[in-house]
Amino acid sequence: MSTIIQVAYLIAAFFFAFGLKMMSSPSTARRGNLFSALGMLLTIVVTLLHQEIVQYQWILVGMVLGLLLGTIAAVRVPLTSMPELVAVFNGLGGLASLLVGWEAYNQQQHQLSWFLATTISLTILIGGLTFSGSMLAWAKLKGVKFKALELSQPLRFSGQQILNTLFLIGILILGISFSFEPQRNQLLLLGLIGGALLLGLTVVMPIGGADMPIVISLLNSYSGLAACTVGFVMLNNILIVAGALVGASGLILTNIMCKAMNRSLANVLFSGFGAVIDTAIGEKADQGEVRPVNTADAYLILEAASSVLIVPGYGMAVAQAQHSVRELGELLEANGAEVKYAIHPVAGRMPGHMNVLLAEANVSYDVLVEPEDVNPIMETVDVCMVIGANDVVNPDAKENEGSPIYGMPIIEVDRAKTVFVLKRSMASGFAGIQNPLFFKSNTRMLFGDAKESVSSVVAEFK
Amino acid sequence: MSNEIVFLMFIFMLAIFLGVELISKVPATLHTPLMSGSNAISGIALIGALLVAGTGNNSILSTIIGVTAVTLATVNVVGGYLVTQRMLTMFKKKGK
């Protein structure tokens, strides 16, 4: 029996790895996801055949409930809320790992080896911080407010880092003493659970909206590592393989996001943009004149353009403008222009956020390009339309050494012949930094709601 | 440390390297589905949940913890795969 299970796990591990491999192209990704799901189904079915499992009734209750809730969430939630949904799923996975660790302790507390105790405390630590961190990330993405306290803002106070460090040391001591303490009482374990949950909150608390893609990637990695530690608790190889794959995936995404912002992970976690805003503002109060444009004039310029580059940002998601944008793109193409969409890796609130929104609006994925593809040919672009993006097109990142975002790779729209910036007002971006792009001689500001602005340009075309 | 544990560490190390190699090849346009898809895989903790829930003693606390873990992990797995599939069906090339 156990050999059959092991062979099934082997096949499932192949499915997981192969499924991820097929994710390397949009044309095979769907099959890849199915492969992965098949591997999961196989793992679940053979595990249920395990002879030690005796209580099926409760398992059935849990699985049916989970199946219903999971299906409803996956089908009902609008795609614009994808970052929130991923954060919630992440958190649930983390909590599940924590509970498994806790229950493993309850069942074996009389014959707990130091190895088992260590892996259990690691499971609880990683699972707990994944859960509470993800829930706070969800609240930040959702824009939850407690009276005057806006969660989406980075919450900082002086001495925060020292406090966090002391706190982390405290938790580690708790975990180590749990692992080696002969009595290993339940109280220590409960303390560890509480500590892990608090740690997740304090880690995510100081992180602002623009850094969300990094946090979500990191929590994704943790949820995998939590599954991994569960694997070591239960001495189960498929848990370790699958958990490690996810852990690696999250780490790579985190790395890509950090590179795209030219920041180290430590810098994101411990001193975000919030710390430098104050010094950046006021440096150059008078930057020149802003040149507004109305939709009729914008239409005339677009109508004459033979190449148009659309640069979407989080503002497009907020305004739900993706469908109008796609419509405009199609009209421009029908008019003979070449239309591309340049997407910065950190645009939006999670890795690939813009790509999913545009895919939802039916934009073909082969016209979505990355900054390094368009920057070399930027001079040949007639019109660049910046829709709800700000920091990722800020020329200060290249030109102003004093800027907090100096060195961050950007989409260099300022080198295009004409730049339209669709923006609600002159307020600064999430990083709180002034953007000299708005004052350049080739920039025209199209003020107003992104969706309405795009729709009225579309109306001019018709 | 027993041989089994070292063996599992072996698997862990190789799986991390495999993961890094595989994920590095995923294009930026698929990063969100990759994330929700790998998130669904991390629901593999369900296996652990099934084993502890199915073999547990009959105390009420154990049952509650076990069933909750099974439920949450199932939501993670089912929801994760479904929503990934939903997103991926939208990635289309023109003319197809």
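1. Domain spacing in chain A. In this predicted model, the C-alpha centres of domain 1 and domain 3 of chain A sit 42 Å apart. The division behind that number puts domain 1 at 1–70, domain 2 at 79–275 and domain 3 at 295–461 of chain A. Keep those ranges handy for the points below.

2. The A/B interface. Here 95 residues of chain A are in contact with 77 residues of chain B. On the chain A side, the elements that give two or more residues are helix 1 (2–22), helix 2 (29–48), helix 3 (56–76), helix 4 (82–108), helix 8 (212–234), helix 9 (237–260) and helix 15 (353–360). Helix 4 of chain A gives the most, with 17 residues. By class, this side of chain A has 60 nonpolar, 28 polar and seven charged residues.

3. Chain B on its own. Chain B has four helices and zero strands, so to speak an α-α-α-α run from the N terminus on. Its radius of gyration is 18 Å, whereas a compact globule of 96 residues would come out near 12 Å. Along the principal axes, the C-alpha trace of chain B spans about 60 × 35 × 15 Å. Even with those dimensions, buried residues make up 59% of the 96 residues in chain B. As for contacts in chain B between residues at least 6 apart in sequence, 67% of them join residues at least 24 apart.

4. The nonpolar core. The largest one has 181 residues, and those with the most contacts inside it are A:Leu245, A:Val311, A:Val386, A:Ile387 and B:Ala49. Helix 9 of chain A supplies the largest share of this core, 16 residues. If you want one residue to click on, try A:Leu245. Leaving aside neighbours within four places in sequence, A:Leu245 is in contact with A:Phe16, A:Ala17, A:Leu20 and A:Gly224 in chain A, and with B:Ala15, B:Leu18, B:Gly19, B:Ser38 and B:Ile41 in chain B.

5. A glycine in helix 9. A:Gly247 is found in helix 9 of chain A. Is A:Gly247 buried or exposed? A:Gly247 is buried, because 27 other C-beta atoms lie within 10 Å and the cut-off for buried is 20 or more. Not counting residues up to four places away in sequence, A:Gly247 touches A:Ser221, A:Gly224, A:Leu225 and A:Cys228, plus B:Ile16 and B:Gly19. For a sense of distance, A:Gly247 and A:Val61 are 29 Å apart in space, C-alpha to C-alpha, and 186 residues apart in sequence.

6. The sheet in chain A. There is an open sheet of six strands with the order 5-4-3-6-7-8 and parallel pairing. Strand 5 (368–369) and strand 8 (443–447) of chain A are the edge strands, each pairing on one side only. Going inward from strand 5, two bridges join it to strand 4 (residues 338–342) of chain A, and A:Tyr341 has A:Leu368 as its bridge partner. Strand 4 of chain A is in turn joined to strand 3 of chain A by four bridges, again parallel, with A:Ile310 standing opposite A:Tyr341.

7. Strand 3 up close. Strand 3 (residues 307–312) of chain A is largely enclosed by the rest of the structure, because five of its six residues are buried. On its pairing with strand 6 (residues 383–387) of chain A, the sense is parallel and there are five bridges. A:Val311 stands opposite A:Val386 in strand 6 of chain A; both of these residues are on the list of those with the most contacts in the largest nonpolar core.

8. Two backbone angles to look at. Most residues other than glycine have a negative phi. A:Leu235 goes the other way, with a positive phi near 50°, and lies in the loop between helix 8 and helix 9 of chain A. A:Gln320 also has a positive phi, about 55°, although it is not a glycine. Its place is in the loop between helix 13 (314–319) and helix 14 (322–334) of chain A. How do the two score for burial? A:Leu235 counts as partly exposed because it has 16 C-beta neighbours inside 10 Å, and A:Gln320 counts as partly exposed with 15.

Methods: Residues numbered from 1 in each chain as written. Chains lettered and ligands numbered in written order. Predicted model: local features only at pLDDT ≥ 70, side-chain atom pairs only at ≥ 80, totals over all residues. Contact = placed C-beta atoms within 7 Å. Nonpolar A, V, L, I, M, F, W, Y, C, P; charged D, E, K, R; others polar. Core = buried A, V, L, I, M, F, W, Y, C linked by C-beta atoms within 7 Å. Buried ≥ 20, exposed ≤ 12 C-beta atoms within 10 Å, placed from the backbone. Domains from an automatic or database assignment. Rg over C-alpha atoms; globule rule 2.2 N^0.38 Å. Pairing = 2+ DSSP bridges.
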